[in-house]
Amino acid sequence: MPEEGGATLYFPVGQLILPALLASCWTVCSGADWCYQSDFSCDHPCNGPKNWNHANSNCDGKQQSPINIVTRKTLKDERLTPFKFDNYQQIFKGTIKNNGHSVQVGVPHLSTVSGGGLPTSYKAVQFHLHWGNNGGPGSEHTIDGEQYPMELHIVHMKHHYSDLTTALSDAEGVAVLGFFYEKSNRANGKYDPIINALRSIKNANGNTSLLPVSLAQLIPAEQNLTSYYRYKGSLTTPGCTEAVVWTLFESPIPLSIEQLRMFSELKFHSGNSMIETFRPVQPLNGRQVFRSGGAVILASSALLMATIATALGLSQPN
Ligand SMILES: [Zn+2]
């Protein structure tokens with residue numbers, strides 16, 4: 001059954017066809033694969049983020065990701081202690097793949113994370129990235145409306161599961177550690193294995209072996225990972241399953257603009273440039289975002305001045 005605006009497309013009434021085609025292109029493209037907005041055009045009518053519910057009804061859920069984190073509305077939670085990273089230093093030879101939506105690296109299930117307020121330990125499964133256009137805004141999560149140039153997602157599942165599909169049937173089955181990137185004046189040599197592999201996987205479904213890397217070398221030093229945000233959400237691509245315990249670390253990873261630009265050389269399945277590979281932020285729908293003890297909350301300057309004045313004993317008693 002054709003649905004909504006797409007229905008008119010199937011009526012072979014001459015005068016209706018052009019407007020119907022246009023309407024179907026602009027609004028509904030049922031049956032097509034999902035895509036990012038940057039990959040959508042009338043030559044390539046795919047289901048953009050507003051129509052991901054056609055790919056999977058979960059995408060219309062009430063606990064979707066990503067979100068904008070409004071830091072002054074976050075709640076400090078003392079249970080959000082530092083993480084324990086096990087085998088994150090383990091060097092492995094992975095395969096990096098252009099899967100048509102992102103670049104993804106499978107990780108041997110040996111690296112695990114626990115603590116950090118997680119209910120149990122989780123093992124790393126894969127990591128992938130979301131980016132902008134030539135180093136422009138590209139992160140999925142935003143902090144007080146700020147979109148970073150790129151975001152890393154290290155996807156983990158509860159240690160006792162053996163595949164992600166099973167883990168996604170558990171409301172807390174998956175833990176994603178999210179890291180932001182920032183533009184730096186110098187290249188980050190620790191990213192050479194990833195960046196150098198990109199030229200070999202420009203086309204969708206391309207894959208190549210990665211020079212040895214560890215997860216630890218791709219993220220900030222452990223002592224800089226005590227400040228983070230926590231909330232319950234979903235996968236940020238269809239099926240949009242609401243089974244993810246999200247952690248977003250405050251400390252960003254530096255990359256040079258040249259390194260960031262390399263990601264925009266990749267291609268989607270359509271042949272279009274793989275750029276702006278992020279889902280727009282989703283409604284909170286009453287969810288609370290928590291912050292760890294270390295997470296910075298920026299007070300307004302007026303409040304800050306008052307606090308300083310009080311501390312210096314300048315304020316009037318009562
Ligand atoms: Zn992701």
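**Exercise 1. A pair of strands**

How many bridges join β3 to strand β6, and in which direction do the two strands run?

*Solution.* Keep in mind that this is a predicted model. Start with the two strands: β3 covers residues 83-86, and β6 covers residues 112-115. Next, look at the link between them: four bridges join β3 to β6, and the strands run antiparallel. To place one residue, find D86, which stands opposite T112 in β6.

**Exercise 2. Two faces of β3**

Sort the side chains of F83, K84, F85 and D86 by the face they point to, and say which are buried.

*Solution.* Begin with a general rule: in a regular strand the side chains alternate between the two faces of the sheet. Now apply the idea to β3. F83 and F85 point to one face and are buried. K84 and D86 point to the other face and are not buried.

**Exercise 3. A small open sheet**

Work out the strand order of the open sheet that holds β1, β8 and β9, and find its edges.

*Solution.* The order is β1-β8-β9, with mixed pairing. The edge strands are β1 (68-69) and β9 (146-147), each of which pairs on one side only. Then zoom in on β8, residues 142-143: two bridges join β8 to β9, and this pair runs antiparallel. Within it, T142 has Q147 of β9 as its bridge partner.

**Exercise 4. The setting of V245**

Why does V245 count as buried, and which residues does V245 contact beyond its neighbours within four places in sequence?

*Solution.* First, locate V245 in strand β14, residues 244-256. Second, count the surroundings: V245 has 22 other C-beta atoms within 10 Å, so V245 is buried, the cut-off being 20 or more. Third, list the contacts outside that sequence window: L118, E172, A175 and K232. Finally, check one of them: E172 is 73 residues from V245 in sequence, yet their C-alpha atoms are 6.0 Å apart.

**Exercise 5. From A175 to the core**

Identify the residues that touch the most other members of the largest nonpolar core, and name the domains that contribute to this core.

*Solution.* The core has 69 residues, and I154, V174, A175 and V176 touch the most other members. At least three residues come from each of domain 1 (4-52) and domain 2 (58-303). Now follow A175: leaving aside neighbours within four places in sequence, its contacts are V113, L118, Y122, H156, V245 and T247. Here is a general pattern to remember: in soluble globular proteins, nonpolar side chains tend to be buried together.

Technical notes. Residues are numbered from 1 along each chain as its sequence is written. This is a predicted model: local features need pLDDT of at least 70, side-chain atom pairs count only at pLDDT 80 or more; totals for chains, interfaces and linings use all residues. Two strands pair if DSSP finds at least two bridges between them. A residue is buried if 20 or more other C-beta atoms lie within 10 Å of its own, exposed if 12 or fewer, and partly exposed in between; C-beta atoms are placed from the backbone. Two residues are in contact if their C-beta atoms, placed from the backbone, lie within 7 Å. A nonpolar core is a set of buried Ala, Val, Leu, Ile, Met, Phe, Trp, Tyr and Cys residues joined through C-beta atoms within 7 Å. Domain bounds come from an automatic or database domain assignment.
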